[in-house]
Amino acid sequence: MNCDKFKDECGVLGIFSTTSQNLARRVAFGLISLQHRGQESAGIASYMDGKVRHYKEMGLVQDVFNNEILDKLKGSICVGHVRYSTTGESHVSNAQPLVINYRGGSIALTHNGNLINADKIRDELEISGSIFQTSIDTEVIANLIAKNYSLGFKDSILKTVQEIKGAFALVIVCEGKLIGVRDPNGLRPLCIGKLPDGGLVLSSESCALDVVGAELVRDVQNGEMVIIDENGIESIIYDDSQRVAHCIFEYVYFARPDSVIDGVSVSSSRRCAGKTLAQEHPVDADIVIAVPDSGIDAAIGFGQEAGIPYGIGLIKNKYIGRTFIQPDQESRELAVRLKLNVLKENVKGKRVVVVDDSIVRGTTSRKIVDALKQAGATEVHMRVSSASVKFPCFFGIDTPNRKQLVGSSKSDDEVRELIGADSLGYISVKGLLGSVGKTNANMCTACFDGDYPMDVPEEVNKLMFE
């Protein structure tokens with residue numbers, strides 16, 4: 001819908017509890033709190049008495065599930081997934097959890113991330129006789145686990161995650177155990193929570209732990225596999241040789257502000273980024289406004305540091321789905337105004353600072369600046385709480401190719417001219433890292449500087465298996 005943003009990733013959630021009732025219902029509520037990570041499809045799988053039952057469909061969580069469906073998903077383990085397609089087309093066959101039946105039983109697998117060697121591995125598996133039912137890289141992981149299963153579930157998963165390359169946070173149900181795996185670079189987030197009854201939870205973000213009633217215990221480490229059963233947590237560090245490279249855009253845009261990721265409050269980091277942005281790009285103005293929702297904390301921080309009042313200048317319509325059809329240019333123009341409308345009395349006759357989290361193509365930024373000036377703003381100064389995006393992501397974020405990234409082809413002043421702003425300022429990479437309290441040594445900032453934590457292809461084909 002908003003063509004000037006990176007597309008969301010996926011969200012994963014799993015609960016192990018031998019005493020809690022209605023785990024599927026609890027997982028469904030947790031998935032709703034992760035809905036921002038994917039709105040195309042939703043699914044839940046449950047484990048009971050050696051059998052895996054699952055249900056998945058296209059749409060939002062509350063549209064996919066009802067009480068009747070959830071009542072059929074009884075079990076001591078439940079895993080769930082919300083999806084935005086970073087590989088594979090948007091179709092129910094590609095929804096997760098992915099349930100694979102093999103000689104010893106069933107595996108339910110959920111995946112957040114993106115593999116950069118999935119096509120090579122899939123070719124090898126197909127040559128050796130494997131049959132694929134989907135066009136997602138998650139099925140490559142599932143088939144590798146099944147292929148290696150003669151080693152036992154633990155070693156088959158360990159062998160699999162040592163073969164795949166890229167970003168992955170996996171939540172798996174297998175042989176009565178809940179298993180979580182985080183890639184060796186820690187690119188995609190995954191945390192552990194504990195329920196009051198002693199049950200354990202795996203989740204992409206801690207905000208889901210709050211909803212299901214769990215307390216945050218810790219994050220899964222990069223290169224770690226955790227195995228959860230009635231005895232508690234078994235931890236296996238399978239690869240600690242890689243550079244730690246947590247995704248900076250979790251803090252900039254993707255994660256909910258009420259989440260804590262790798263020990264850092266998302267809301268606090270965004271406010272700190274806003275303060276740094278005000279120091280790096282000061283401006284005389286009458287009001288600071290945000291592009292909602294992810295720009296709000298940064299705008300508040302900017303206003304506090306600059307001594308400029310923060311106010312509401314853009315109203316977001318939250319009831320527009322991603323499937324809203326825009327068949328022509330006129331309709332697309334109307335859709336932007338429908339999603340974001342100016343609160344005219346707050347900006348008329350004023351010098352406005354508008355804070356956004358990122359600029360990808362520049363098209364929506366231009367429309368926002370135009371709308372503010374049409375509403376009577378005398379000046380519009382754009383401030384961005386991420387650095388200029390110049391390189392695509394290959395690790396679970398659906399980004400345009402480099403030619404479509406305005407920061408890659410134009411200077412900052414050319415971007416300012418393109419969007420029609422009176423001034424434009426991006427936070428520096430150093431300033432952004434400082435807002436998270438981390439350095440280049442433990443964050444991935446490749447979308448800004450091209451410093452990928454591993455070798456990547458020149459381009460990525462989202463529909464590589466079509």
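This report covers the nonpolar cores, one group of paired strands and a surface patch of a predicted model. Local features need pLDDT of at least 70 and side-chain atom pairs count only at pLDDT 80 or more, while totals for chains, interfaces and linings use all residues. Residues are numbered from 1 along each chain as its sequence is written, and side-chain values use heavy atoms, without hydrogens and water.

The largest nonpolar core (buried Ala, Val, Leu, Ile, Met, Phe, Trp, Tyr and Cys joined through side-chain atoms within 4.5 Å; buried is under 20% relative accessible area with a 1.4 Å probe, protein chains only) has 48 residues. Ile-248, Phe-249, Phe-302, Val-355, Phe-395 and Phe-448 touch the most other members. Elements giving two or more residues include α8 (249–254), β17 (287–290) and β20 (351–356); helices (H or I, at least four residues) and strands (E, at least two) are DSSP runs, numbered from the N terminus. The most, five residues, comes from α8. A second, separate core of 31 residues includes Tyr-149, Met-225, Ile-236 and Tyr-238.

Strand β9 (residues 191–194) pairs with two strands (pairing needs at least two DSSP bridges), as tabulated.

| Partner of β9 | Sense | Bridges | Opposite residues |
|---|---|---|---|
| β11 (residues 215–219) | antiparallel | four bridges | Gly-193 and Leu-216 |
| β10 (residues 200–203) | antiparallel | four bridges | Ile-192 and Leu-202 |

The hairpin of β9 and β10 has five residues between the strands, and Gly-198 there takes a positive phi near 95 degrees.

Helix α1 (residues 23–33) holds Phe-29. With Ile-32 and Val-211, Phe-29 forms a nonpolar surface patch (over 30% relative accessible area, no salt bridge, nonpolar side chains within 5 Å; a salt bridge is a Lys or Arg side-chain nitrogen within 4 Å of an Asp or Glu carboxyl oxygen) of about 260 Å² accessible area together (Shrake-Rupley method, 1.4 Å probe).

Key: Patches are made of residues with over 30% relative accessible area and no salt bridge: like charges are joined within 9 Å, nonpolar side chains (Val, Leu, Ile, Met, Phe, Trp, Tyr) within 5 Å. Buried means under 20% relative accessible area, exposed over 50%, partly exposed in between (1.4 Å probe, protein chains only).
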